[in-house]
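Today I went through the cysteines, asking how they pair and where they sit. My entries follow.

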Amino acid sequence: QLQLVESGGGLVQPGGSLRLSCAASGFTLDAYVIAWFRQAPGKEREGVSCLKSSDNSIYYADSVKGRFTISRDNAKNTVYLQMNSLKPEDTAHYYCAGGKIVQAMCSTGRGPYGVFGYWGQGTQVTVSS
């Protein structure tokens, strides 16, 4: 069964850091485009970051550029999102998603788009003092 499981969310003060993990089972991450999305109450879902290993495409939304870093550990079949200098506006439910390379895209200018067929349950990140 193909599955993505996120972890690492929580409550952190402004300026703090969190590392989100997205562990895959049933498929190999490097054959997929992996993206992190977030959605805050009352707001549209936003593509935060994505990674396409086949051509090393990486994208960060302007709102997180310079603060968030996406990475992958092949041995653990896990993708991470390191989040530093967190701000209250980063508060949201964060999801990782996987899409087959022929269906999903990670554009350095546009971000993640296309068909992401696999989604985790998400993890809540709350930035508050």
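Entry 1. I began with burial, keeping in mind that I am working from a predicted model: Cys22 and Cys96 are both buried.

Entry 2. I then looked up how these two are related and found that Cys22 and Cys96 form a disulfide, with the sulfur atoms 2.0 Å apart. The link connects distant parts of the chain, since Cys22 belongs to strand β3 (residues 18–25) and Cys96 to strand β9 (residues 92–100), with their positions 74 residues apart in sequence. I also noted the torsion about the S-S bond of Cys22 and Cys96, which is about 65°, so this disulfide is right-handed.

Entry 3. Next I asked which residue Cys50 is joined to. The partner is Cys106, and the S to S distance in this disulfide is 2.1 Å. For the link of Cys50 and Cys106 I noted 85° about the S-S bond, and this link is right-handed. Cys50 lies in strand β5 (residues 46–52) while Cys106 lies in strand β10 (residues 104–107), so the pair ties together parts of the chain that are 56 residues apart in sequence.

Entry 4. I checked whether the cysteines of this second pair are buried or exposed. Cys50 has a relative accessible area of 0% and is therefore buried; Cys106, at 7%, is under the 20% cut-off and so is buried as well.

Entry 5. To close, I wrote down the overall count and order: the structure holds two disulfides, and, with bonded cysteines counted along the chain, they follow the pattern 1-3, 2-4.

Conventions:
Residues are numbered from 1 along each chain as its sequence is written. This is a predicted model: local features need pLDDT of at least 70, side-chain atom pairs count only at pLDDT 80 or more; totals for chains, interfaces and linings use all residues. Side-chain values use heavy atoms; hydrogens and water are left out. A disulfide is a pair of cysteine sulfur atoms within 2.5 Å. Helices (H or I, at least four residues) and strands (E, at least two) are DSSP runs, numbered from the N terminus. Buried means under 20% relative accessible area, exposed over 50%, partly exposed in between (1.4 Å probe, protein chains only).
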